[in-house]
Amino acid sequence: MQTAQQTMVSIPFPSVWGIHAAIVGKPIVWGLLNINSITDNRVIGTVNFRGTHIPINGSWDENTKQIRFDSPYATFSGNLAIFDDPQIRIRHFILNGRLIMKPPSLQAGEYGTWVATTDRALTGYPVISGTLPPVGVFLTSNILSQLQQNNVRF
């Protein structure tokens, strides 16, 4: 009989994530989310949707696994989940949630959704969730992988 393992999971940093955002249900942009540091629950990094690194600042709640960050154009909020693939020894980190666009964006006031993923080697016991992540996870993971293969600078 196999016993359940308790695994502490947190956002890895520094880390680069593939990110996708949709506004009012319409896919808008793909890009990169850089989480440079998390210190005293403060998130510092950049988001890059159109070739320019835009600074983000926000907060991380370790107990609830919730993140919130602002860029000059949008406010993002979401939750962390993981999906372990024991066959290939990969842990997929998944952030997803809602966003609201703000001035000076042309879409100011519009709501949307976002999903971001990054992967790490699975070094401990896998966490078996019994559910599959949203399809956006695989898309953002593929984009991040393609950018890394093309030696795109993060």
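Which residues of β1 are buried on one side of the strand, and which on the other? S15, W17, I19, A21 and I23 are buried on one side, while V16, G18, H20 and A22 are buried on the other, which leaves both faces of β1 covered. The structure described here is a predicted model, and the points below take up its strands, then its aromatic rings and finally its salt bridges.

**Strand β1 and its neighbours**

- Strand β1 covers residues 15–23 and is mostly covered, with nine of its nine residues counted as buried.
- Strand β2, which covers residues 26–39, runs antiparallel to β1 and is joined to it by nine bridges.
- At one of the positions where these two strands pair, I23 has K26 of β2 as its bridge partner.
- The hairpin that β1 makes with β2 has two residues between the strands, and in this hairpin V24 takes a positive phi near 50°.
- Strand β1 also pairs with β8, again in the antiparallel sense, and this pairing extends over six bridges.
- In the pairing with β8, the residue that I23 stands opposite is G112, so that I23 has a partner in β2, namely K26, as well as one in β8.

**Strands β6, β7 and β8**

- Strands β6 and β7 run antiparallel to each other and are joined by twelve bridges.
- Among the paired positions of these strands is A74, whose bridge partner in β7 is M101.
- The two strands form a hairpin with four residues between them, and R89, which lies in the turn, has a positive phi of about 55°.
- On from β7, eleven bridges join this strand to β8, and the two run antiparallel.
- Within β8, D119 is the residue that stands opposite H92.

**Aromatic rings**

- The model contains three aromatic pairs.
- One of them is formed by F69 and W114, whose rings lie 5.6 Å apart from centre to centre with 75° between the planes, an arrangement that is edge-to-face.
- Because F69 lies in strand β5 and W114 in strand β8, this pair ties together parts of the chain that are 45 residues apart in sequence.
- Both members of the pair, F69 and W114, are buried.
- The rings of F76 and W114 have their centres 5.6 Å apart and their planes at 90°, and therefore this pair is edge-to-face.
- This second contact of W114 also links distant parts of the chain, since F76 belongs to strand β6 (residues 74–85) and W114 to strand β8, with their positions 38 residues apart in sequence.
- F76 counts as buried, with a relative accessibility of 3%, and W114 is likewise buried, its relative accessible area being 3%.
- Taken together, F69, F76 and W114 form one aromatic cluster.

**Salt bridges**

- Side chains that carry opposite charge can pair when their charged atoms come close.
- In this model the count of salt bridges comes to four.
- K65 forms one of them with E62, and the closest N and O atoms of this pair are 2.8 Å apart.
- E62 is partly exposed, with a relative accessible area of 26%.
- K102 forms a salt bridge with D70, in which the closest N and O atoms are 3.5 Å apart.
- Because K102 lies in the loop between β7 (90–101) and β8 (111–121), whereas D70 lies in strand β5 (residues 66–70), the pair ties together parts that are 32 residues apart in sequence.
- Both ends of this bridge are partly exposed, K102 having a relative accessible area of 25% and D70 a relative accessibility of 22%.
- The side chains of R91 and D84 also meet in a salt bridge, with a distance of 2.7 Å from N to O.
- R91 is buried, with a relative accessible area of 11%, and D84 counts as buried as well, at 5% relative accessibility.
- Salt bridges that share partners join R68, D70 and K102 into one network.

Notes
Residues are numbered from 1 along each chain as its sequence is written. This is a predicted model: local features need pLDDT of at least 70, side-chain atom pairs count only at pLDDT 80 or more; totals for chains, interfaces and linings use all residues. Side-chain values use heavy atoms; hydrogens and water are left out. Buried means under 20% relative accessible area, exposed over 50%, partly exposed in between (1.4 Å probe, protein chains only). Rings of Phe, Tyr and Trp (its six-membered ring) pair if their centres lie within 6.5 Å; planes under 30 degrees apart count as stacked, over 60 as edge-to-face and the rest as tilted. Two strands pair if DSSP finds at least two bridges between them.
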